[in-house]
Amino acid sequence: MTLAHFLDELRCSVCGVLNMLWLDPMRGVVECRNCGQSALTFPETGEEPR
Ligand SMILES: [Zn+2]
């Protein structure tokens with residue numbers, strides 16, 4: 001079971017740190033390991049990169 005996925009190439013919108021965000025699939029949230037900020041994820045944002 002995977003507990004968390006690190007999200008590459010993503011920057012925290014709060015503290016601006018790069019590659020410190022990780023996804024918690026159990027709760028469906030993204031957290032920043034630097035500032036501890038978390039946010040809900042929205043799988044269908046209409047901005048899916050292709
Ligand atoms: Zn942060």
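This passage describes the strands, a hairpin and one loop residue of a predicted model. Residues are numbered from 1 along each chain as its sequence is written. Because the model is predicted, local features need pLDDT of at least 70 and side-chain atom pairs count only at pLDDT 80 or more, while totals for chains, interfaces and linings use all residues.

The mean pLDDT (the predictor's confidence in each residue, from 0 to 100) of the chain is 77, and 70% of its residues reach 70 or more. Confidence is lowest in S1, with a mean of 72, and highest in S3, at 87. Where pLDDT is low, the predicted coordinates should not be read in detail.

The chain contains 4 strands and 0 helices (DSSP runs numbered from the N terminus: E of at least two residues for strands, H or I of at least four for helices). Of the 50 residues, 6% count as buried (20 or more other C-beta atoms within 10 Å of the residue's own; exposed, 12 or fewer; partly exposed, in between; C-beta atoms placed from the backbone).

Strands S2 (residues 21–24) and S3 (residues 29–32) run antiparallel and are joined by 4 bridges; pairing requires that DSSP finds at least two bridges between two strands. Leu-23 has Val-30 of S3 as its bridge partner. The hairpin of S2 and S3 has 4 residues between the strands, and Gly-28 there takes a positive phi near 70°.

Asn-19 lies in the loop between S1 (5–6) and S2. Although not a glycine, Asn-19 has a positive phi of about 60°. Most residues other than glycine have a negative phi. Asn-19 is partly exposed, because 14 other C-beta atoms lie within 10 Å.
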